Amino acid sequence: MDPKLDLLYRLADDQLILGHRNSEWNGLGPILEEDIAFSSMAQDKLGHSLALYTLLHELGEAEPDTVAFTRNAPQFHCCQLVELPIGEYDFSLTRHFLFDHAELLRFEALATSSYEPLAQVARKLRGELKYHALHANTWMKRLGTATEEAIERMQNALNFTLPYALGIFEKTEAEAEIISSGLFIGEDELRSRWLESITKVLSQTALEVPDILALTPVAGGRYGQHTEHLQPLLDEMAEVFRLDPTADW
Amino acid sequence: MIQSHDPRMNRLGLPDAPAPAVAKEALDQFGTYEVFHQKKEGAPFVYVGPVHAPEADVAFLFAKEQFSRRFACTGLWVVPTAAITLTDYVGDTESAYDTLPLLAKSSAAPAPDSRYTDDTAGEEAAYAAGEEDYDIFHLKKRGKAHQHVGKVRASSPADALQVAKAVFGEQRPVVNVWAARSADILRSDDEDRDIWTTTPEKKYRDAISYKVQDRIEKFKAENQ
(Lines give C-alpha, C1' and ligand atoms only; values in the text may rest on other atoms or scores of the structure.)
Protein backbone atom coordinates (compact mmCIF):
# COMPACT_ATOMS: atom_id res chain seq x y z
CA MET A 1 0.00 0.00 0.00
CA ASP A 2 1.11 3.58 -0.62
CA PRO A 3 2.91 4.75 2.53
CA LYS A 4 0.60 7.74 3.00
CA LEU A 5 -2.52 5.61 2.77
CA ASP A 6 -0.99 2.98 5.00
CA LEU A 7 -0.19 5.51 7.72
CA LEU A 8 -3.50 7.38 7.45
CA TYR A 9 -5.64 4.25 7.59
CA ARG A 10 -3.89 3.06 10.75
CA LEU A 11 -4.31 6.43 12.45
CA ALA A 12 -7.88 7.01 11.34
CA ASP A 13 -9.10 3.52 12.18
CA ASP A 14 -7.56 3.68 15.66
CA GLN A 15 -9.35 6.96 16.35
CA LEU A 16 -12.69 5.83 14.96
CA ILE A 17 -12.81 2.54 16.82
CA LEU A 18 -11.56 3.87 20.16
CA GLY A 19 -13.83 6.91 19.80
CA HIS A 20 -16.79 4.61 19.30
CA ARG A 21 -15.77 2.31 22.15
CA ASN A 22 -15.30 5.18 24.59
CA SER A 23 -18.62 6.68 23.54
CA GLU A 24 -20.25 3.54 24.94
CA TRP A 25 -19.68 5.06 28.39
CA ASN A 26 -21.98 7.94 27.52
CA GLY A 27 -24.70 8.02 30.17
CA LEU A 28 -23.08 5.18 32.11
CA GLY A 29 -19.99 6.95 33.48
CA PRO A 30 -19.08 6.79 37.16
CA ILE A 31 -20.18 10.36 37.93
CA LEU A 32 -21.88 13.03 35.87
CA GLU A 33 -18.87 15.28 35.33
CA GLU A 34 -16.61 12.39 34.34
CA ASP A 35 -19.29 11.01 32.05
CA ILE A 36 -19.38 14.33 30.18
CA ALA A 37 -15.59 14.64 30.02
CA PHE A 38 -15.07 11.08 28.77
CA SER A 39 -17.87 11.35 26.20
CA SER A 40 -16.47 14.65 25.03
CA MET A 41 -13.08 13.10 24.41
CA ALA A 42 -14.73 10.19 22.59
CA GLN A 43 -16.39 12.76 20.35
CA ASP A 44 -12.98 14.40 19.77
CA LYS A 45 -11.61 11.06 18.63
CA LEU A 46 -14.40 10.64 16.09
CA GLY A 47 -13.53 14.16 14.92
CA HIS A 48 -9.89 13.14 14.52
CA SER A 49 -10.89 10.11 12.47
CA LEU A 50 -13.01 12.36 10.25
CA ALA A 51 -10.07 14.72 9.65
CA LEU A 52 -7.88 11.76 8.69
CA TYR A 53 -10.52 10.03 6.51
CA THR A 54 -10.95 13.39 4.77
CA LEU A 55 -7.22 13.38 3.93
CA LEU A 56 -7.67 9.85 2.57
CA HIS A 57 -10.60 11.03 0.46
CA GLU A 58 -8.43 13.83 -0.95
CA LEU A 59 -5.95 11.11 -1.94
CA GLY A 60 -8.64 9.30 -3.91
CA GLU A 61 -10.20 6.99 -1.33
CA ALA A 62 -14.00 6.81 -0.84
CA GLU A 63 -16.06 9.31 1.18
CA PRO A 64 -15.37 9.30 4.95
CA ASP A 65 -18.80 7.85 5.81
CA THR A 66 -18.38 5.09 3.24
CA VAL A 67 -14.94 4.22 4.55
CA ALA A 68 -16.06 4.32 8.18
CA PHE A 69 -19.36 2.46 7.86
CA THR A 70 -19.11 -0.02 5.02
CA ARG A 71 -15.93 -1.96 5.61
CA ASN A 72 -15.78 -5.22 7.53
CA ALA A 73 -13.28 -6.15 10.24
CA PRO A 74 -10.55 -7.65 7.99
CA GLN A 75 -10.39 -4.34 6.11
CA PHE A 76 -9.66 -2.35 9.26
CA HIS A 77 -6.10 -1.34 10.18
CA CYS A 78 -6.64 -0.48 13.83
CA CYS A 79 -4.60 -2.13 16.56
CA GLN A 80 -6.45 -4.70 18.68
CA LEU A 81 -6.14 -2.52 21.78
CA VAL A 82 -8.82 -0.11 20.59
CA GLU A 83 -11.42 -2.74 19.70
CA LEU A 84 -11.59 -4.51 23.08
CA PRO A 85 -14.92 -4.03 24.90
CA ILE A 86 -15.03 -1.20 27.45
CA GLY A 87 -14.97 -3.61 30.38
CA GLU A 88 -14.91 -1.83 33.71
CA TYR A 89 -13.74 1.73 34.20
CA ASP A 90 -10.28 0.66 35.40
CA PHE A 91 -9.62 -0.95 32.01
CA SER A 92 -11.13 1.89 29.97
CA LEU A 93 -9.04 4.46 31.85
CA THR A 94 -5.87 2.40 31.48
CA ARG A 95 -6.44 1.97 27.74
CA HIS A 96 -7.12 5.70 27.47
CA PHE A 97 -3.86 6.43 29.32
CA LEU A 98 -1.71 4.07 27.25
CA PHE A 99 -3.29 4.99 23.92
CA ASP A 100 -3.43 8.75 24.37
CA HIS A 101 0.21 9.05 25.41
CA ALA A 102 1.13 7.34 22.15
CA GLU A 103 -1.35 9.50 20.23
CA LEU A 104 -0.14 12.78 21.68
CA LEU A 105 3.49 11.91 20.89
CA ARG A 106 2.46 10.71 17.44
CA PHE A 107 0.69 13.96 16.61
CA GLU A 108 3.57 16.01 18.01
CA ALA A 109 5.90 14.18 15.64
CA LEU A 110 3.45 14.42 12.73
CA ALA A 111 3.35 18.19 13.19
CA THR A 112 6.60 18.26 11.20
CA SER A 113 5.64 15.54 8.69
CA SER A 114 6.84 16.01 5.11
CA TYR A 115 3.21 15.50 4.08
CA GLU A 116 1.97 19.01 4.80
CA PRO A 117 -1.81 18.35 4.90
CA LEU A 118 -1.21 15.75 7.64
CA ALA A 119 1.20 18.07 9.47
CA GLN A 120 -1.52 20.73 9.49
CA VAL A 121 -4.10 18.35 10.95
CA ALA A 122 -1.60 17.25 13.60
CA ARG A 123 -0.73 20.82 14.59
CA LYS A 124 -4.39 21.68 14.87
CA LEU A 125 -5.47 18.66 16.92
CA ARG A 126 -2.55 18.15 19.27
CA GLY A 127 -4.02 20.63 21.79
CA GLU A 128 -7.04 18.36 22.17
CA LEU A 129 -4.77 15.40 22.75
CA LYS A 130 -2.89 17.36 25.36
CA TYR A 131 -6.10 17.58 27.38
CA HIS A 132 -6.80 13.87 26.78
CA ALA A 133 -3.37 13.01 28.18
CA LEU A 134 -3.84 15.39 31.12
CA HIS A 135 -7.16 13.69 31.88
CA ALA A 136 -5.58 10.24 31.72
CA ASN A 137 -2.56 11.25 33.82
CA THR A 138 -4.69 12.83 36.52
CA TRP A 139 -6.80 9.71 36.98
CA MET A 140 -3.83 7.37 36.71
CA LYS A 141 -1.95 9.26 39.42
CA ARG A 142 -5.02 9.56 41.62
CA LEU A 143 -6.26 5.97 41.40
CA GLY A 144 -2.73 4.60 41.34
CA THR A 145 -2.11 6.10 44.77
CA ALA A 146 -5.59 5.71 46.29
CA THR A 147 -7.07 2.79 48.21
CA GLU A 148 -5.82 -0.77 48.16
CA GLU A 149 -8.74 -1.74 45.92
CA ALA A 150 -8.04 1.10 43.48
CA ILE A 151 -4.35 0.24 43.23
CA GLU A 152 -5.06 -3.46 42.76
CA ARG A 153 -7.62 -2.77 40.04
CA MET A 154 -5.33 -0.37 38.18
CA GLN A 155 -2.41 -2.80 38.49
CA ASN A 156 -4.48 -5.65 37.03
CA ALA A 157 -5.76 -3.40 34.26
CA LEU A 158 -2.21 -2.27 33.47
CA ASN A 159 -0.87 -5.83 33.38
CA PHE A 160 -3.71 -6.91 31.08
CA THR A 161 -3.55 -3.90 28.76
CA LEU A 162 0.22 -3.43 28.23
CA PRO A 163 0.71 -6.27 25.68
CA TYR A 164 -2.21 -4.89 23.65
CA ALA A 165 -0.76 -1.38 23.93
CA LEU A 166 2.50 -2.62 22.41
CA GLY A 167 0.39 -3.61 19.39
CA ILE A 168 -0.06 0.12 18.68
CA PHE A 169 3.52 0.13 17.39
CA GLU A 170 3.18 -2.86 15.03
CA LYS A 171 5.01 -1.99 11.83
CA THR A 172 3.71 -2.53 8.32
CA GLU A 173 5.58 -3.20 5.09
CA ALA A 174 5.54 0.53 4.35
CA GLU A 175 7.50 1.39 7.50
CA ALA A 176 10.92 1.93 5.89
CA GLU A 177 9.47 4.21 3.23
CA ILE A 178 7.36 6.11 5.78
CA ILE A 179 10.51 6.97 7.68
CA SER A 180 12.79 7.66 4.69
CA SER A 181 10.25 9.96 3.05
CA GLY A 182 9.93 11.99 6.25
CA LEU A 183 6.23 11.18 6.64
CA PHE A 184 6.70 10.02 10.22
CA ILE A 185 9.46 9.20 12.71
CA GLY A 186 8.46 5.52 12.71
CA GLU A 187 6.94 3.15 15.23
CA ASP A 188 10.15 2.17 17.06
CA GLU A 189 11.03 5.77 17.79
CA LEU A 190 7.45 6.49 18.84
CA ARG A 191 7.46 3.48 21.16
CA SER A 192 10.64 4.61 22.86
CA ARG A 193 9.21 8.12 23.44
CA TRP A 194 5.97 6.55 24.69
CA LEU A 195 7.80 4.31 27.11
CA GLU A 196 9.57 7.29 28.62
CA SER A 197 6.37 9.29 28.79
CA ILE A 198 4.19 6.65 30.50
CA THR A 199 6.98 5.60 32.84
CA LYS A 200 7.27 9.18 34.07
CA VAL A 201 3.63 9.15 35.15
CA LEU A 202 3.51 5.58 36.44
CA SER A 203 6.58 6.20 38.60
CA GLN A 204 4.45 8.68 40.57
CA THR A 205 2.02 5.90 41.52
CA ALA A 206 2.14 2.78 43.64
CA LEU A 207 1.82 0.69 40.48
CA GLU A 208 4.54 -1.74 39.51
CA VAL A 209 5.74 -1.35 35.95
CA PRO A 210 6.90 -4.63 34.39
CA ASP A 211 9.75 -4.80 31.89
CA ILE A 212 7.49 -3.59 29.11
CA LEU A 213 9.77 -4.34 26.19
CA ALA A 214 10.07 -7.94 27.38
CA LEU A 215 6.32 -8.44 26.94
CA THR A 216 5.00 -10.07 23.78
CA PRO A 217 2.97 -7.48 21.83
CA VAL A 218 -0.53 -8.41 20.70
CA ALA A 219 -0.07 -7.74 16.99
CA GLY A 220 -1.94 -8.40 13.76
CA GLY A 221 -4.39 -5.49 13.81
CA ARG A 222 -2.42 -3.48 11.27
CA TYR A 223 -2.78 -6.42 8.85
CA GLY A 224 -6.51 -6.89 9.35
CA GLN A 225 -6.28 -9.60 12.01
CA HIS A 226 -8.72 -8.66 14.74
CA THR A 227 -10.35 -9.99 17.86
CA GLU A 228 -13.88 -11.35 17.86
CA HIS A 229 -15.00 -7.99 19.24
CA LEU A 230 -14.43 -5.79 16.20
CA GLN A 231 -17.10 -7.08 13.80
CA PRO A 232 -19.98 -6.76 16.33
CA LEU A 233 -18.76 -3.21 17.07
CA LEU A 234 -18.81 -2.36 13.35
CA ASP A 235 -22.28 -3.85 12.93
CA GLU A 236 -23.60 -1.82 15.83
CA MET A 237 -21.85 1.39 14.79
CA ALA A 238 -23.08 1.18 11.20
CA GLU A 239 -26.58 -0.12 11.98
CA VAL A 240 -28.34 3.17 11.27
CA PHE A 241 -26.10 4.16 8.35
CA ARG A 242 -26.76 0.86 6.61
CA LEU A 243 -30.54 1.29 6.84
CA ASP A 244 -30.20 3.93 4.13
CA PRO A 245 -26.63 4.65 3.01
CA THR A 246 -27.79 7.47 0.73
CA ALA A 247 -29.77 9.33 3.41
CA ASP A 248 -28.97 13.03 3.80
CA TRP A 249 -28.24 13.71 7.49
CA MET B 1 -33.18 -8.48 32.95
CA ILE B 2 -33.98 -5.08 31.51
CA GLN B 3 -34.41 -5.22 27.74
CA SER B 4 -33.56 -1.96 26.01
CA HIS B 5 -33.30 -0.69 22.43
CA ASP B 6 -29.84 0.44 23.50
CA PRO B 7 -27.50 -2.56 23.13
CA ARG B 8 -25.12 -1.05 25.68
CA MET B 9 -27.83 -1.31 28.32
CA ASN B 10 -28.52 -4.94 27.48
CA ARG B 11 -24.83 -5.74 27.84
CA LEU B 12 -24.96 -4.50 31.43
CA GLY B 13 -27.40 -7.28 32.34
CA LEU B 14 -29.34 -5.06 34.72
CA PRO B 15 -32.06 -6.64 36.87
CA ASP B 16 -35.70 -5.52 36.25
CA ALA B 17 -35.93 -3.88 39.63
CA PRO B 18 -33.14 -1.74 41.07
CA ALA B 19 -31.25 -3.22 44.00
CA PRO B 20 -32.39 -1.84 47.35
CA ALA B 21 -30.57 1.34 48.29
CA VAL B 22 -27.57 0.86 50.52
CA ALA B 23 -27.32 3.26 53.45
CA LYS B 24 -24.35 5.53 52.85
CA GLU B 25 -22.10 7.18 55.36
CA ALA B 26 -22.67 10.85 55.90
CA LEU B 27 -20.59 13.11 53.67
CA ASP B 28 -19.93 10.34 51.19
CA GLN B 29 -19.83 12.97 48.47
CA PHE B 30 -17.21 15.03 46.68
CA GLY B 31 -16.84 18.66 47.63
CA THR B 32 -17.65 21.42 45.18
CA TYR B 33 -15.36 23.75 43.27
CA GLU B 34 -16.34 27.02 41.63
CA VAL B 35 -15.25 27.59 38.05
CA PHE B 36 -14.29 30.79 36.23
CA HIS B 37 -13.49 31.06 32.54
CA GLN B 38 -11.88 33.62 30.27
CA LYS B 39 -13.49 34.08 26.86
CA LYS B 40 -10.54 35.76 25.20
CA GLU B 41 -7.07 36.93 26.10
CA GLY B 42 -7.11 39.96 28.34
CA ALA B 43 -10.81 39.58 29.24
CA PRO B 44 -11.70 39.24 32.92
CA PHE B 45 -12.38 35.78 34.33
CA VAL B 46 -16.11 35.22 34.78
CA TYR B 47 -17.93 32.73 37.00
CA VAL B 48 -19.58 29.88 35.10
CA GLY B 49 -20.70 27.35 37.72
CA PRO B 50 -19.66 24.56 40.08
CA VAL B 51 -18.33 21.01 39.66
CA HIS B 52 -18.08 18.15 42.16
CA ALA B 53 -14.58 16.73 42.51
CA PRO B 54 -12.28 15.04 45.02
CA GLU B 55 -9.39 17.49 44.42
CA ALA B 56 -8.59 20.64 42.50
CA ASP B 57 -6.77 18.86 39.65
CA VAL B 58 -9.80 16.65 38.99
CA ALA B 59 -12.08 19.69 39.34
CA PHE B 60 -10.05 21.31 36.56
CA LEU B 61 -10.50 18.26 34.29
CA PHE B 62 -14.23 18.32 34.86
CA ALA B 63 -14.55 22.09 34.56
CA LYS B 64 -12.81 22.06 31.20
CA GLU B 65 -15.45 19.83 29.61
CA GLN B 66 -18.36 21.04 31.74
CA PHE B 67 -17.96 24.73 31.03
CA SER B 68 -15.62 25.13 28.07
CA ARG B 69 -16.67 22.41 25.68
CA ARG B 70 -18.53 24.97 23.58
CA PHE B 71 -17.47 28.46 22.48
CA ALA B 72 -14.07 30.11 22.73
CA CYS B 73 -12.05 29.92 25.94
CA THR B 74 -8.51 31.00 26.76
CA GLY B 75 -8.24 30.21 30.46
CA LEU B 76 -9.91 28.44 33.35
CA TRP B 77 -9.71 28.80 37.15
CA VAL B 78 -11.12 26.48 39.81
CA VAL B 79 -11.37 27.24 43.52
CA PRO B 80 -12.88 25.21 46.38
CA THR B 81 -16.31 26.62 47.25
CA ALA B 82 -15.30 26.63 50.91
CA ALA B 83 -12.37 28.92 50.11
CA ILE B 84 -14.63 31.76 48.95
CA THR B 85 -15.66 34.44 51.44
CA LEU B 86 -18.58 36.59 50.42
CA THR B 87 -20.51 39.65 51.45
CA ASP B 88 -24.27 39.84 51.88
CA TYR B 89 -26.34 40.36 48.73
CA VAL B 90 -27.86 43.80 48.23
CA GLY B 91 -30.30 45.38 45.74
CA ASP B 92 -29.30 46.16 42.18
CA THR B 93 -28.68 49.86 42.88
CA GLU B 94 -26.71 49.42 46.10
CA SER B 95 -23.16 48.42 47.00
CA ALA B 96 -22.46 45.22 48.89
CA TYR B 97 -19.43 46.96 50.34
CA ASP B 98 -21.81 49.09 52.42
CA THR B 99 -22.83 45.96 54.32
CA LEU B 100 -19.30 45.34 55.62
CA PRO B 101 -18.71 46.21 59.27
CA LEU B 102 -17.26 49.70 59.59
CA LEU B 103 -13.71 49.69 60.83
CA ALA B 104 -12.35 51.88 63.59
CA LYS B 105 -10.91 55.04 62.10
CA SER B 106 -7.30 54.18 62.74
CA SER B 107 -7.41 51.02 60.65
CA ALA B 108 -9.95 52.19 58.07
CA ALA B 109 -7.56 54.89 56.96
CA PRO B 110 -4.18 53.33 57.53
CA ALA B 111 -1.08 55.42 57.42
CA PRO B 112 0.99 55.02 54.20
CA ASP B 113 0.24 51.45 53.37
CA SER B 114 2.14 49.39 50.79
CA ARG B 115 -1.18 47.96 49.64
CA TYR B 116 -1.88 51.21 47.83
CA THR B 117 1.65 52.30 46.89
CA ASP B 118 4.69 51.00 45.06
CA ASP B 119 6.51 50.32 48.29
CA THR B 120 8.41 47.10 47.54
CA ALA B 121 10.09 46.91 50.93
CA GLY B 122 6.74 47.40 52.65
CA GLU B 123 5.27 44.70 50.45
CA GLU B 124 7.91 42.18 51.42
CA ALA B 125 7.47 43.01 55.07
CA ALA B 126 3.70 42.54 54.72
CA TYR B 127 4.09 39.09 53.15
CA ALA B 128 6.60 38.17 55.83
CA ALA B 129 4.05 39.24 58.44
CA GLY B 130 1.52 36.78 57.01
CA GLU B 131 -0.43 38.86 54.51
CA GLU B 132 -1.48 37.07 51.34
CA ASP B 133 -2.96 37.86 47.93
CA TYR B 134 -6.70 37.55 47.41
CA ASP B 135 -8.62 37.63 44.15
CA ILE B 136 -11.76 39.75 44.22
CA PHE B 137 -14.90 39.13 42.17
CA HIS B 138 -17.90 41.45 41.75
CA LEU B 139 -21.47 40.63 40.87
CA LYS B 140 -22.88 43.68 39.14
CA LYS B 141 -26.47 42.57 38.84
CA ARG B 142 -28.52 39.73 40.24
CA GLY B 143 -28.84 36.92 37.74
CA LYS B 144 -25.52 37.82 36.09
CA ALA B 145 -22.18 36.19 36.90
CA HIS B 146 -19.38 37.24 39.23
CA GLN B 147 -16.47 38.80 37.41
CA HIS B 148 -12.83 39.16 38.44
CA VAL B 149 -11.91 42.77 39.23
CA GLY B 150 -8.40 42.37 40.63
CA LYS B 151 -6.19 41.33 43.52
CA VAL B 152 -5.65 42.75 46.99
CA ARG B 153 -3.22 41.85 49.77
CA ALA B 154 -4.70 41.15 53.17
CA SER B 155 -4.23 39.29 56.42
CA SER B 156 -7.54 37.38 56.37
CA PRO B 157 -10.59 36.89 54.11
CA ALA B 158 -12.52 39.50 56.13
CA ASP B 159 -9.60 41.88 55.79
CA ALA B 160 -9.50 41.14 52.04
CA LEU B 161 -13.08 42.38 51.69
CA GLN B 162 -12.18 45.54 53.61
CA VAL B 163 -9.14 46.19 51.44
CA ALA B 164 -11.24 45.48 48.34
CA LYS B 165 -13.70 48.08 49.57
CA ALA B 166 -10.88 50.63 49.74
CA VAL B 167 -9.58 49.69 46.28
CA PHE B 168 -12.73 48.84 44.31
CA GLY B 169 -15.46 50.29 46.56
CA GLU B 170 -16.24 53.18 44.25
CA GLN B 171 -17.46 50.79 41.55
CA ARG B 172 -21.24 50.56 41.45
CA PRO B 173 -23.46 48.71 41.37
CA VAL B 174 -21.92 45.80 43.28
CA VAL B 175 -24.59 43.38 44.39
CA ASN B 176 -22.20 40.88 45.93
CA VAL B 177 -18.45 40.43 46.43
CA TRP B 178 -16.38 37.26 46.58
CA ALA B 179 -12.84 37.06 47.94
CA ALA B 180 -10.68 33.96 47.38
CA ARG B 181 -7.12 33.48 48.57
CA SER B 182 -5.05 33.51 45.38
CA ALA B 183 -3.12 30.44 46.51
CA ASP B 184 -6.40 28.47 46.63
CA ILE B 185 -7.10 29.04 42.92
CA LEU B 186 -5.87 26.45 40.43
CA ARG B 187 -5.22 28.25 37.14
CA SER B 188 -4.62 26.95 33.63
CA ASP B 189 -1.15 27.69 32.24
CA ASP B 190 -0.87 30.11 29.34
CA GLU B 191 1.14 27.51 27.45
CA ASP B 192 -1.79 25.09 27.64
CA ARG B 193 -4.18 27.43 25.88
CA ASP B 194 -4.07 25.18 22.85
CA ILE B 195 -6.38 22.70 24.59
CA TRP B 196 -9.16 25.08 23.50
CA THR B 197 -7.88 25.85 19.97
CA THR B 198 -10.52 23.79 18.20
CA THR B 199 -13.45 24.36 20.57
CA PRO B 200 -15.17 27.09 18.51
CA GLU B 201 -15.17 24.74 15.50
CA LYS B 202 -17.13 22.03 17.26
CA LYS B 203 -20.45 23.21 15.90
CA TYR B 204 -21.82 19.70 16.19
CA ARG B 205 -22.05 20.31 19.93
CA ASP B 206 -24.61 23.07 19.41
CA ALA B 207 -28.25 22.21 18.82
CA ILE B 208 -28.48 25.26 16.55
CA SER B 209 -26.11 23.67 14.04
CA TYR B 210 -28.63 20.97 13.26
CA LYS B 211 -31.04 22.44 10.74
CA VAL B 212 -33.81 20.21 11.98
CA GLN B 213 -36.63 22.63 11.29
CA ASP B 214 -35.56 23.00 7.65
CA ARG B 215 -35.57 19.25 7.24
CA ILE B 216 -38.96 18.88 8.91
CA GLU B 217 -40.46 21.50 6.63
CA LYS B 218 -38.87 19.95 3.57
CA PHE B 219 -40.20 16.54 4.60
CA LYS B 220 -43.69 17.94 5.18
CA ALA B 221 -43.67 19.71 1.81
CA GLU B 222 -42.62 16.53 0.02
CA ASN B 223 -45.21 14.40 1.75
CA GLN B 224 -48.28 16.58 1.47
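In the predicted model, chain A reads α-α-α-α-α-α-α-α-α-α-α along its sequence, a pattern that corresponds to eleven helices and zero strands. The radius of gyration of chain A is 17 Å, close to the 18 Å that the globule rule gives for 249 residues, so chain A is as compact as a globular protein of that length. The C-alpha trace of chain A extends over about 50 × 45 × 30 Å along its principal axes, and 44% of the 249 residues of this chain are counted as buried. When the contacts within chain A are restricted to residues at least 6 apart in sequence, 76% of them join residues at least 24 apart.

Chain B combines both kinds of secondary structure, with six helices and eight strands, arranged along the sequence in the pattern α-β-β-α-β-β-α-α-β-β-α-β-β-α. For chain B the radius of gyration is 24 Å, whereas a compact globule of 224 residues would have a value near 17 Å. The span of the C-alpha trace of chain B along its principal axes is about 80 × 50 × 40 Å. Of the 224 residues in chain B, 25% are buried, and among the contacts of chain B with a separation of 6 or more, 61% are accounted for by residues 24 or more positions apart.

Two local features of the backbone of chain B may be described in turn. The peptide bond that leads from Arg172(B) to Pro173(B) is cis, its omega being near -5°, and Pro173(B) is located in the loop between α5 (157-168) and β7 (176-181) of chain B. Phe71(B), a residue other than glycine, has a positive phi, near 65°, and belongs to the loop between α2 and β3 (75-80) of chain B. With 14 other C-beta atoms within 10 Å, Phe71(B) is classed as partly exposed, since that class falls between the limit of 12 or fewer for exposed residues and that of 20 or more for buried ones.

The contact between the two chains involves 19 residues from chain A and 18 residues from chain B. On the side of chain A that touches chain B, at least two residues are supplied by each of α2 and α6 (116-143), and the greatest contribution comes from α6(A), with ten residues. By class, the residues on this side of chain A comprise seven nonpolar, four polar and eight charged.

Within the assembly, helix α2 (residues 32-58) of chain A packs against helix α2 (residues 56-67) of chain B at an angle of about 65°, and the axes of the two helices are 9 Å apart. The helices α2(A) and α2(B) are therefore roughly perpendicular to each other, a description that applies to angles of 65 to 115 degrees, and their crossing is left-handed. From α2(A), the residues that make this contact are Glu33(A), Glu34(A), Ile36(A), Ala37(A) and Ser40(A), while α2(B) contributes Leu61(B), Phe62(B), Glu65(B) and Gln66(B). Sorted by class, the contact of α2(A) with α2(B) consists of four nonpolar, two polar and three charged residues.

Notes:
Residues numbered from 1 in each chain as written. Chains lettered and ligands numbered in written order. Predicted model: local features only at pLDDT ≥ 70, side-chain atom pairs only at ≥ 80, totals over all residues. Helix = DSSP H or I, 4+ residues; strand = E, 2+ residues; numbered from the N terminus. Rg over C-alpha atoms; globule rule 2.2 N^0.38 Å. Contact = placed C-beta atoms within 7 Å. Axes fitted to C-alpha atoms, helices over the stretch in contact; angles between N-to-C directions. Parallel < 35°, antiparallel > 145°, perpendicular 65-115°, else oblique. Left-handed = near helix turned anticlockwise from the far one by under 90°. Nonpolar A, V, L, I, M, F, W, Y, C, P; charged D, E, K, R; others polar.
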